[in-house]
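Student: I'd like a close look at one part of this model, namely its inner spaces and whatever sits in them. Please take me through it in one go.

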Amino acid sequence: MKKWNYLLVGVGFLQSCYIQKGKKQESVQKPNFLIIYTDDVGYGDLSSFGGKIPTPHLDFLANNGVKHLRAYATAATSTPSRFSLLTGEYAWRKKGRGVVAGDAKALIPAGRQTVASVMKKAGYRTAIVGKWHLGLGGGDGPEWNANISNSPMDIGFDYNFIMPSTSDRVPIVLMEGRRIVNLDPNDPIQVSYKQKIGDWPTGRENPEMLRLKPSHGHDMTIVNGISRIGYQYGGKSALFRDEDLADQFVEKSIQFIQKNKEESFFLMLNTNDIHVPRMPHERFQGKSGYGLRGDAILSLDESVGRLTQFLKDENLLGNTIIIFSSDNGPVLDDGYQDQAKELLGEHNPWQGLRGGKYSSYEAGTRVPMFIYWQNHIQPKVSYNLISQVDLLANLAAFTHQNFDENQSPDTQNQWEAWLGNNSTGRDYVVQEALRLNMSLTDGRYKYIEATERPAKVAWETGIETGLSKDEQLYDLKLDPQEKNNIALENPALVAKFKQILAEEKGVK
Ligand code: NG6
Ligand code: CA
């Protein structure tokens with residue numbers, strides 16, 4: 001195991017580390033990090049957070065760690081949340097960082113500081129496995145058939161095995177290092193988000209070939225019996241099967257840890273399960289009683305169980321900090337007729353919160369989160385105010401690394417709050433929702449800015465977005481479901497929040 005010299009390590013770090021005894025010179029072993037970043041998992045989706053679908057492996061970690069009930073993603077959709085988690089900068093500071101197409105160029109250019117580059121500097125072996133959705137390549141987008149530039153490897157990850165976009169956006173392929181996995185050079189990938197290319201069937205033209213029908217959009221190229229967003233032609237041998245994604249991600253994660261267990265590792269596992277198209281492995285289908293969305297939650301739980309068991313077997317669990325969260329809130333119908341709504345039963349993915357994915361209301365960005373660190377965290381429930389944008393500063397502080405605050409202007413060291421220690425967390429958190437609608441909460445009150453932009457999601461998600469021509473203020477303590485807009489009665493509070501938001505939006 002790699003050791004850090006006692007003298008080189010700061011007191012705070014030392015206190016929180018395992019000190020090996022019986023050595024001439026005391027040394028500490030750097031704890032590993034496993035970040036499990038899930039997709040569209042709602043505040044109430046795990047059974048430890050009140051959900052009805054059993055998630056025993058996740059619950060074990062949540063109930064034996066610090067379970068956060070007031071943790072926020074920075075956005076109510078994937079790309080911006082992932083962007084700020086990695087960079088420590090709010091995505092809304094620059095245009096073009098909303099949900100990106102599958103052929104988008106890299107939003108995080110080569111050389112930019114990220115949580116991975118900070119951890120690499122700290123001596124960690126760094127990896128990302130799973131969903132990416134942050135664009136790849138230079139100005140013309142990803143070089144699908146060559147070495148892909150502006151990849152995770154160019155921003156601090158030693159290893160990557162990623163799904164470039166989302167599983168509902170072409171190309172339906174995986175990437176390892178800089179190459180598309182299993183690509184036959186004689187059958188190059190072509191991708192277009194503008195017009196059909198080649199003669200592969202589409203959902204619009206060949207609906208009889210579909211086993212999962214779209215409810216909105218998602219009617220372009222058919223792969224694996226499911227039509228997607230965008231057109232793909234070629235790259236047949238590289239196509240993935242949706243049912244195998246979760247297993248592949250777990251296996252690649254295990255391989256990475258196995259290979260690097262003699263050193264300290266930082267691994268981000270970005271699972272895909274709950275995002276549409278929901279198509280978990282056959283062994284989960286029909287098993288939850290809550291339809292494919294529920295089955296996908298079972299699959300997620302098994303993935304986490306397999307990884308935890310592996311860490312245990314390898315004697316690594318005691319020295320691995322596991323951080324779990326989600327990129328945005330839940331949605332039932334997100335463009336496919338998978339009966340998520342019809343089969344929901346008593347399960348409440350929002351745990352009573354208003355809104356959902358895309359929304360300025362709480363369920364858009366308030367997400368499940370827990371940190372498990374065996375023998376270091378006493379099981380507790382925390383109401384500290386947490387924002388995911390703080391991951392970078394937290395881990396920089398923990399590993400005693402400096403970072404460039406110009407590149408990561410929004411991240412704050414809130415590690416003590418994340419660990420559930422005596423701290424209340426942030427003074428406030430800022431979130432973005434659909435159409436860049438902004439909101440702000442200090443934990444007690446929630447302010448949602450007024451907007452002239454249309455309130456409805458273009459497709460029938462049934463979600464209240466919270467976008468309104470009127471300013472909104474809610475007292476989350478007395479009115480956690482944001483039913484009673486008290487903005488008019490509280491002009492001073494509204495002015496205060498408006499001012500904070502204006503300052504946040506100003507150039508920092
Ligand atoms: C929407 C898609 C939705 C999902 C979302 C991004 C349609 C009708 N809806 O545009 O299915 O892909 O984008 O989700 O196409 S996210 O979690 O990756 O942000
Ligand atoms: Ca998402």
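Tutor: Happily! The largest cavity has a volume of about 160 Å³. Its lining is made of 21 residues, and D242, L245, A246, N272 and D273 are the ones closest to its centre. In total, six cavities of 30 Å³ or more are found in the structure. Please keep in mind that this is a predicted model.

Now for the open spaces. The largest pocket holds about 460 Å³ of space. Thirty residues line this pocket, and T77, V99, R169, Y358 and W459 come closest to its centre. By class, the lining of the largest pocket splits into 10 nonpolar, 10 polar and 10 charged residues.

What takes up the space of the largest pocket? It is ligand 1 that sits there. So let's turn to the ligand and its own shell. There are 20 residues around ligand 1, and S78, D168, R169, D334 and K357 come nearest to it. R169 is worth finding on your screen, as it is among the residues closest to the centre of the pocket and also among those nearest to ligand 1. The shell around ligand 1 consists of five nonpolar, eight polar and seven charged residues.

Which parts of the chain supply this shell? Residues come from both domain 1 (27-179 + 241-418) and domain 2 (190-233), so ligand 1 lies between the two domains.

Three polar contacts are good places to zoom in. At D334, a polar backbone atom is 2.7 Å from an oxygen atom of ligand 1. At K357, a polar side-chain atom lies 2.8 Å from a ligand 1 oxygen atom. At H275, an N or O atom of the side chain is 3.0 Å from an oxygen atom of ligand 1. As for how much of the ligand is covered, ligand 1 on its own has 450 Å² of accessible area, and the protein covers 92% of it.

To put the picture together, ligand 1 occupies the largest pocket, lies between domain 1 and domain 2, and has D334 and K357 among its nearest residues.

Methods
Residues numbered from 1 in each chain as written. Chains lettered and ligands numbered in written order. Predicted model: local features only at pLDDT ≥ 70, side-chain atom pairs only at ≥ 80, totals over all residues. Heavy atoms only, no water. Near = heavy atom within 4 Å. Polar contact = N/O pair within 3.5 Å; in protein donor to acceptor, adjacent residues only side chain to side chain. Areas by Shrake-Rupley, 256 points an atom, 1.4 Å probe, with all protein chains shown as cover. 1 Å grid on protein atoms, 1.4 Å probe; cavity = no way out; pocket = protein on both sides within 12 Å on 5 of 7 lines; lining within 4 Å. Sits in = over half its atoms within 2 Å of the grid points. Nonpolar A, V, L, I, M, F, W, Y, C, P; charged D, E, K, R; others polar. Domains from an automatic or database assignment. Points joined across faces, edges and corners; volume = space filled by probe spheres on them.
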